[in-house]
Amino acid sequence: MTAPKELRVSKDRRTLTVTFPNHAPFELSAELLRVLSPSAEVQGHSPDQRVTVPGKRDVAILKIEPIGNYAVRITFDDRHDTGIFTWDYLHTLGHEKEQRWTGYLAELEAKGLSRG
């Protein structure tokens, strides 16, 4: 996957707009990025170890750091910073945002958890 032309964090730090070459920009909420972080802390080391992260409705992006020429590390205001968001993963999140968000909300409900 080619690197995005632009990564822009909103003034309120709650949205990341990602623009890939030859694609319309897409917006990813800080909450979505946090709860679907590719980190081992969230994803585990296998699908059955994946964690449903509650209480992140008001999370914000503190900073974004480049990782080589293939990814960024996002630091959130809850101090989570271990996820490496590759260009492929950001692209996938942009295209599957609604499906993944709906799945996350269903998991929260099934486990009796809330967005906080």
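These legends accompany close-up views of a predicted model.

**View 1. Arg14 and its surroundings.**
Arg14 sits in the loop between β1 (6–9) and β2 (15–19). Its relative accessible area is 33%, so Arg14 is partly exposed. The side chain of Arg14 meets two backbone oxygens. A polar atom of this side chain lies 2.3 Å from the backbone oxygen of Asp58. The backbone oxygen of Val59 is reached at 2.9 Å. Beyond its neighbours within four places in sequence, Arg14 is in contact with Leu28, Ser29, Ala30, Asp58, Val59 and Ala60. Ser29 is 15 residues from Arg14 along the chain, yet their C-alpha atoms are separated by 5.8 Å.

**View 2. Positive phi at Arg13 and Asn22.**
Arg13 lies in the loop between β1 and β2. Its phi is near 70°, a positive value in a residue other than glycine. Arg13 has 32% relative accessibility and therefore counts as partly exposed. Asn22 belongs to the loop between β2 and β3 (26–29). Asn22 is not a glycine either, but has a positive phi of about 60°. With a relative accessible area of 81%, Asn22 is exposed.

**View 3. The open sheet β4-β5-β6.**
Strands of a sheet pair through backbone hydrogen bonds, either parallel or antiparallel. Here three strands form an open sheet in the order β4-β5-β6, with antiparallel pairing. The edges are β4 (61–67) and β6 (84–86). Each has a single partner strand, so one side of each is left without a neighbour in the sheet. On average, neighbouring strands of this sheet are turned by 30° against each other, direction ignored. Six bridges join β4 and β5 (residues 71–76) in the antiparallel sense. Ile67 stands opposite Ala71 in β5. Helix α3 packs on the sheet and touches β5 and β6. The direction of α3 makes about 75° with that of β6.

**View 4. His80 and its polar contacts.**
His80 is found in the loop between β5 and β6. Its relative accessibility is 4%, so His80 counts as buried; the cut-off for buried is under 20%. Two side chains make polar contacts with the side chain of His80. The side chain of Ser37 does so at 2.9 Å. The side chain of Glu41 does so at 3.4 Å. Leaving aside neighbours within four places in sequence, His80 is in contact with Arg34, Ser37, Ser39, Glu41, Val42, Ile74 and Thr75.

**View 5. Aromatic pairs.**
A pair of aromatic rings is described by the distance of the centres and the angle of the planes. The structure holds three such pairs, and two are described here. The rings of Phe85 and Tyr89 have centres 6.0 Å apart and planes at 40°, so this pair is tilted. Phe85 and Tyr89 are both buried. Trp101 and Tyr104 also form a tilted pair, 5.4 Å centre to centre, with 40° between the planes. Trp101 and Tyr104 are three residues apart in helix α3 (residues 87–110), so about one helical turn separates them. Both Trp101 and Tyr104 are buried.

Terms used
Residues are numbered from 1 along each chain as its sequence is written. This is a predicted model: local features need pLDDT of at least 70, side-chain atom pairs count only at pLDDT 80 or more; totals for chains, interfaces and linings use all residues. Side-chain values use heavy atoms; hydrogens and water are left out. Helices (H or I, at least four residues) and strands (E, at least two) are DSSP runs, numbered from the N terminus. Buried means under 20% relative accessible area, exposed over 50%, partly exposed in between (1.4 Å probe, protein chains only). Contact means heavy atoms within 4.5 Å. A polar contact is a pair of N or O atoms within 3.5 Å; within protein, one must be able to donate a hydrogen and the other to accept it, and residues adjacent in sequence count only if both atoms are side-chain atoms. Rings of Phe, Tyr and Trp (its six-membered ring) pair if their centres lie within 6.5 Å; planes under 30 degrees apart count as stacked, over 60 as edge-to-face and the rest as tilted. Two strands pair if DSSP finds at least two bridges between them. Axes are lines fitted to C-alpha atoms, for helices over the stretch in contact, and angles run from 0 to 180 degrees between N-to-C directions.
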